[in-house]
Amino acid sequence: MPQITAILTNFLQEEIRKTGLTKAVIGLSGGIDSAVVCALCAGSIGKDNVYTLCMPYKTSNPESERHARLCAEAFGVNYQVIEITRQIDSYFDNAAPDASALRRGNKMARERMTILYDYSAKLGGLVIGTSNKTELLLGYGTQHGDMASALNPIGDIYKTQIFELAKYLKIPEPIISKPPSADLWQGQSDEQEIGYTYAQIDALLADLIDKRESVTELKSKNDPIFVDKIISLIKKSQFKRRLPLIAKLSSRTIDREFRYPRDWGL
């Protein structure tokens, strides 16, 4: 974990510096992923340059805000609570009173991200992502919502590895020990919603993605239904992991031939 922490803190220092900015803006949910990102940013660019926002809805678990505050206090970063109930209810009460929990959850995630980007403009900072590798591969997040960011230090770390890193970074124990939840609606649990534990999912993903094992190999040691479901989730969510596809007309189309890395500096 010391080496991983060093790599990630250096990544944050270098990539933020290249933009000419000095501050980080993070949505602090009270969960383990955003807590790890908060700790990494505080250790990288200094606690005074880290601004965290907790943005609860009226049905959010009160424990989430308590844990977000606990994390902010543990690492000494700037912290603010901004309620999003009024704008969410105003939209759905007028436009879609019968909207599903999924639609409401997506709207909340995107509302939170618009607030983070507004604060990034206000403060002159970058929005730092909090989606881990497991979530990104499964598409377990909202496009242009919690999956949006300028930089993501934990996008190559599986969820089970996040727990190990959290312990090393001394994330408060109540945050580490509680069941993972996006808290998009009351009683929501990540593992219950997916139908498998993160330990099961990450073991399969590591074999599939990192070791490049074939479907036949995977099914020889896992429930075939489980393998098919995870592969299906990866395929169906591919659109979330790429920039918008641009129709090609010229000889140098953005994100096809024109792919200069963002490392020019200022």
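**A friendly note on helices, salt bridges and a pocket**

1. Let's start with one residue: Arg-17 is exposed, since its relative accessible area is 52%. The scale behind that word runs from buried (under 20% relative accessible area) through partly exposed to exposed (over 50%), using a 1.4 Å probe and protein chains only. Before going on, please keep in mind that this is a predicted model, in which local features need pLDDT of at least 70 and side-chain atom pairs count only at pLDDT 80 or more, while totals for chains, interfaces and linings use all residues. Residues are numbered from 1 along each chain as its sequence is written, and side-chain values use heavy atoms, leaving out hydrogens and water.

2. Which residue does Arg-17 meet in a salt bridge? The partner is Glu-14, with 2.7 Å from N to O. A salt bridge here is a side-chain nitrogen of Lys or Arg within 4 Å of a carboxyl oxygen of Asp or Glu. The two residues are three apart in helix α1 (residues 2-18), so about one helical turn separates them. Helices (H or I, at least four residues) and strands (E, at least two) are DSSP runs, numbered from the N terminus. Glu-14 counts as partly exposed because its relative accessibility is 34%.

3. Stay with helix α1 for two further residues. Phe-11 is found there, and it is partly exposed at a relative accessible area of 30%. In sequence, Phe-11 and Pro-153 are 142 residues apart, yet their C-alpha atoms are 7.4 Å apart in space. Glu-15 also sits in helix α1. Is Glu-15 buried or exposed? Glu-15 is buried, because its relative accessible area is 13%. Now take Glu-15 and Pro-172, which are 157 residues apart along the chain: 27 Å separates their C-alpha atoms.

4. The next salt bridge links Lys-58 with Asp-89, whose closest N and O atoms are 2.9 Å apart. Lys-58 lies in the loop between β2 (50-54) and α3 (62-75), and Asp-89 in helix α4 (residues 85-95), so this pair ties together parts that are 31 residues apart in sequence. The partners have opposite labels: Lys-58 is exposed at 54% relative accessibility, whereas Asp-89 is buried at 13%.

5. Helix α3 offers a salt bridge of its own. Glu-65 pairs with Arg-69, and their closest N and O atoms are 2.9 Å apart. These residues are four apart in the helix, so about one helical turn lies between them. Glu-65 counts as buried, with 19% relative accessibility, and Arg-69 as partly exposed, with 37%. Elsewhere, Asp-207, Lys-211, Glu-213 and Lys-221 are joined into one network by salt bridges that share partners. How many salt bridges does a search of the whole structure find? The search finds twelve.

6. On to empty space. Rolling a probe the size of a water molecule over the atoms shows where such space is left. The second largest pocket holds about 300 Å³. Its lining has 13 residues, and the closest to the centre are Leu-136, Ser-149, Ala-150, Leu-151 and Asn-152. A pocket is an open set of points on a 1 Å grid over the protein atoms alone, where a 1.4 Å probe fits, with protein on both sides within 12 Å along at least five of seven lines; lining residues have an atom within 4 Å of a point. By type, the lining divides into five nonpolar, five polar and three charged residues.

7. Two loop residues deserve a look at their backbone angles. His-144 is not a glycine, yet its phi is positive, near 65 degrees. His-144 lies in the loop between α6 (133-138) and α7 (159-168), and counts as exposed at 54% relative accessibility. Lys-170, also not a glycine, has a positive phi of about 65 degrees. Lys-170 lies in the loop between α7 and α8 (173-177), and is exposed at 65% relative accessibility.

8. Finally, which residues make a nonpolar surface patch of about 270 Å²? They are Ile-246, Ile-254 and Phe-258. Patch residues have over 30% relative accessible area and no salt bridge; like charges are joined within 9 Å, and nonpolar side chains (Val, Leu, Ile, Met, Phe, Trp, Tyr) within 5 Å. Ile-246 lies in the segment after α12 (224-236) and, at 38% relative accessibility, is partly exposed.

Note on methods. Accessible areas come from the Shrake-Rupley method with a 1.4 Å probe; for residues, only the protein chains shown count as cover. Grid points are joined across faces, edges and corners, and a volume is the space filled by probe spheres set on the points. Ala, Val, Leu, Ile, Met, Phe, Trp, Tyr, Cys and Pro count as nonpolar, Asp, Glu, Lys and Arg as charged, and the others, Gly among them, as polar.
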